[in-house]
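Here is a quick walk through one model, residue by residue and helix by helix. Have the viewer open and follow along.

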Amino acid sequence: GHLFVAGRVHFILLSNTTSLYSAVIYGRGVTDVDGFLKGALFALRETLEDDGLGYVYERRILPSTGPIGFSGAIDRAVTGSMNELVVQAKFLLSGGELSPFDLGLRLNDVLLSAIAAYGKGGYATPRAAFRAMASRIAG
């Protein structure tokens with residue numbers, strides 16, 4: 001997760017560290033771990049269902065919602081890519097009013113080099129990278 005501010009509104013970017021597939025929630029009102037997890041799980045389910053990947057939520061995420069632990073960033077490539085997604089998010093939000101849900105969908109179409117293994121020409125989108133990962137689950 002990455003907390004950021006755009007136009008005096010707090011948002012939280014939630015990204016899968018392998019694919020950078022993301023969802024966005026409002027930061028306002030998130031005052032404890034329980035509130036964060038409820039918002040995060042709701043956003044993930046909605047985003048995955050919209051992309052036709054609801055089975056990933058049902059098979060992998062929901063069963064793993066037992067004890068949750070938090071850690072720091074795993075590597076600089078992920079941190080840098082999430083920073084790039086925040087820059088993109090701020091740009092997209094400056095053009096008008098986007099809901100966190102719509103913002104997350106738009107961010108999943110941003111070309112990133114950190115997930116190049118999933119695409120052609122040295123870049124891939126988080127959506128394409130996550131779909132490639134999800135295809136192994138559906139198999």
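Thr125 sits in the loop that runs between α4 (100-107) and α5. This is a predicted model, so take what follows as a reading of that prediction. Is Thr125 buried or exposed? With a relative accessibility of 17%, Thr125 counts as buried, since the cut-off for buried is under 20%. Setting aside neighbours within four places in sequence, Thr125 is in contact with Asn108, Asp109, Val110, Leu111 and Ile115.

Now step into helix α5 (residues 126-138), where you'll find Arg127. Arg127 is a charged residue, yet at 12% relative accessibility it counts as buried. What does the side chain of Arg127 join up with? The side chain of Asp109 is the partner, through a polar contact of 2.3 Å. Asp109 also turns up among the contacts of Thr125. Leaving out residues up to four places away in sequence, Arg127 touches Tyr21, Asp51, Leu105, Asn108 and Asp109.

Tyr21 brings us to the aromatics. How many aromatic pairs does the structure hold? There are three. In one of them, the ring centres of Tyr21 and Phe130 are 4.5 Å apart and the planes lie at 20°, so this pair is stacked. The pair ties together distant parts of the chain, with Tyr21 in the loop between β2 (9-15) and β3 (22-26) and Phe130 in helix α5, 109 residues apart. Tyr21 and Phe130 are both buried. Elsewhere, Phe4, Phe11 and Tyr26 are linked into a cluster by ring pairs.

Phe130 has another partner worth a look, and that is Leu53. Leu53 is in the loop between α1 and α2, and it is buried, with a relative accessible area of 3%. Although Leu53 and Phe130 are 77 residues apart along the chain, their C-alpha atoms are separated by 9.4 Å. Again ignoring neighbours within four places in sequence, Leu53 is in contact with Leu48, Phe130, Arg131 and Ala134.

On to the two helices on either side of that loop. How do α1 and α2 sit relative to each other? The axes of α1 (residues 33-50) and α2 (residues 54-61) come within 6 Å and cross at roughly 135°. Angles over 145 degrees would count as roughly antiparallel and 65 to 115 as roughly perpendicular, and α1 and α2 are therefore oblique to each other. On the α1 side, the contact is made by Leu41, Leu44, Arg45, Leu48 and Glu49, which meet Gly54, Tyr57 and Ile61 in α2. Sorted by class, this contact has five nonpolar, one polar and two charged residues.

Ile61, in helix α2, is a good residue to click on here. Not counting residues up to four places away in sequence, Ile61 touches Leu41, Leu48 and Val56. Ile61 and Leu41 are 20 residues apart in sequence, and their C-alpha atoms are 8.4 Å apart in space. Leu48 also appears among the contacts of Leu53.

Next, a bit of backbone geometry. Most residues other than glycine have a negative phi. Here are two non-glycine residues that go the other way:

| Residue | Phi | Where | Relative accessible area |
|---|---|---|---|
| Arg8 | positive, about 65° | loop between β1 (2-6) and β2 | 81%, exposed |
| Leu20 | positive, about 65° | loop between β2 and β3 | 1%, buried |

So what about their surroundings? Arg8 is exposed, with a relative accessible area of 81%, whereas Leu20 is buried at 1%. The loop that holds Leu20 lies between β2 and β3, and Tyr21 of the stacked pair is in the loop between those strands too.

Last stop is Ser94, in helix α3 (residues 76-94). Is Ser94 buried or exposed? Its relative accessible area is 60%, so Ser94 is exposed. The side chain of Ser94 reaches the backbone oxygen of Phe91 at 2.6 Å. From Ser94 to Asn108 is 14 residues in sequence and 18 Å in space, C-alpha to C-alpha. Asn108 is also one of the residues that Thr125 contacts, and Arg127 touches Asn108 as well, which takes us back to where the walk began.

Methods:
Residues are numbered from 1 along each chain as its sequence is written. This is a predicted model: local features need pLDDT of at least 70, side-chain atom pairs count only at pLDDT 80 or more; totals for chains, interfaces and linings use all residues. Side-chain values use heavy atoms; hydrogens and water are left out. Axes are lines fitted to C-alpha atoms, for helices over the stretch in contact, and angles run from 0 to 180 degrees between N-to-C directions. Helices (H or I, at least four residues) and strands (E, at least two) are DSSP runs, numbered from the N terminus. Angles under 35 degrees count as roughly parallel, over 145 as roughly antiparallel, 65 to 115 as roughly perpendicular and the rest as oblique. Contact means heavy atoms within 4.5 Å. Buried means under 20% relative accessible area, exposed over 50%, partly exposed in between (1.4 Å probe, protein chains only). A polar contact is a pair of N or O atoms within 3.5 Å; within protein, one must be able to donate a hydrogen and the other to accept it, and residues adjacent in sequence count only if both atoms are side-chain atoms. Rings of Phe, Tyr and Trp (its six-membered ring) pair if their centres lie within 6.5 Å; planes under 30 degrees apart count as stacked, over 60 as edge-to-face and the rest as tilted.
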